[in-house]
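Welcome! Please take a look at the sequence and the structure below, and then read on for a short tour of the charged side chains and their surroundings.

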Amino acid sequence: MVEWEDMTPEERDRFIYLSLSENALKAIVMIMQRKHGPGVSTETIMRYAFKIARDRMTPKHLKKKSGKA
């Protein structure tokens, strides 16, 4: 699975912008501003957006099972 450190900043930006809609990006910014305050760094927002984009790209059968054996 691709990780944040495996990509250049340009590749990460492109991956995020191609994977998420404009409304999803706006929602992510609002969530992060509520959680961390209006002074939240751009890198923090982009890391969270990368995580969301990666999760959306991962098929359900490859995601980890939560809590059940």
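## Salt bridges

There are four salt bridges in this predicted model. One of them joins E3 to R54, with the closest N and O atoms 3.2 Å apart. This pair brings together distant parts of the chain, since E3 sits in the segment before α1 and R54 in helix α3, 51 residues apart. How exposed are the two partners? E3 is partly exposed, with a relative accessible area of 34%, whereas R54 is buried because its relative accessible area is 16%, under the 20% cut-off.

Another salt bridge brings the side chains of E5 and R47 together, at 3.9 Å from N to O. Here too the pair links distant parts of the chain: E5 belongs to the segment before α1 and R47 to helix α3, with their positions 42 residues apart in the count. E5 is exposed, at a relative accessible area of 58%, while R47 is partly exposed, at 36%. You can also look for E43, as E5, E43 and R47 are linked in a network of salt bridges.

## A bridge inside one helix

Now turn to K26 and E22, whose side chains meet in a salt bridge at 3.4 Å, N to O. Both residues lie in helix α2, which covers residues 22–36, and they are four residues apart, about one turn of the helix. K26 counts as partly exposed, because its relative accessibility is 46%, and that value lies between the 20% and 50% cut-offs. E22, at 57% relative accessibility, counts as exposed.

## Two buried arginines

R54 deserves a second look. This residue is found in helix α3, residues 42–57, and it is buried at 16% relative accessible area. Its side chain makes a polar contact with the side chain of E3, at 3.2 Å. Leaving aside residues up to four places away in sequence, R54 touches M1, V2, E3 and F15.

R12 is found in helix α1, residues 9–19. What is the nearest side chain of opposite charge to R12, and how far away is it? It is D13, at 5.9 Å, and R12 is buried yet has no salt bridge. That fits the rule, because a salt bridge needs the nitrogen and the carboxyl oxygen within 4 Å. The side chain of R12 does reach the backbone oxygen of W4, at 2.8 Å. W4 also appears among the residues that R12 touches, together with M7 and F50, when residues up to four places away in sequence are not counted.

## The protein as a whole

Stepping back, the secondary structure comes to three helices and zero strands, so the elements run α-α-α from the N terminus on. Taken along the principal axes, the C-alpha atoms fill a box of roughly 40 × 25 × 20 Å. Of the contacts with a separation of 6 or more, 66% are between residues 24 or more positions apart.

Buried residues make up 28% of the 69 residues. The accessible surface of the protein is about 5,600 Å², and carbon and sulfur atoms account for 55% of it. As for charge, the protein has 14 positive and 9 negative charges, and their mean positions are 12 Å apart.

Notes. Residues are numbered from 1 along each chain as its sequence is written. This is a predicted model: local features need pLDDT of at least 70, side-chain atom pairs count only at pLDDT 80 or more; totals for chains, interfaces and linings use all residues. Side-chain values use heavy atoms; hydrogens and water are left out. Buried means under 20% relative accessible area, exposed over 50%, partly exposed in between (1.4 Å probe, protein chains only). Lys and Arg count as positive and Asp and Glu as negative; His and the chain ends are not counted. A polar contact is a pair of N or O atoms within 3.5 Å; within protein, one must be able to donate a hydrogen and the other to accept it, and residues adjacent in sequence count only if both atoms are side-chain atoms. Contact means heavy atoms within 4.5 Å. Accessible areas come from the Shrake-Rupley method with a 1.4 Å probe; for residues, only the protein chains shown count as cover. The place of a charge is taken as NZ of Lys, CZ of Arg, CG of Asp or CD of Glu.
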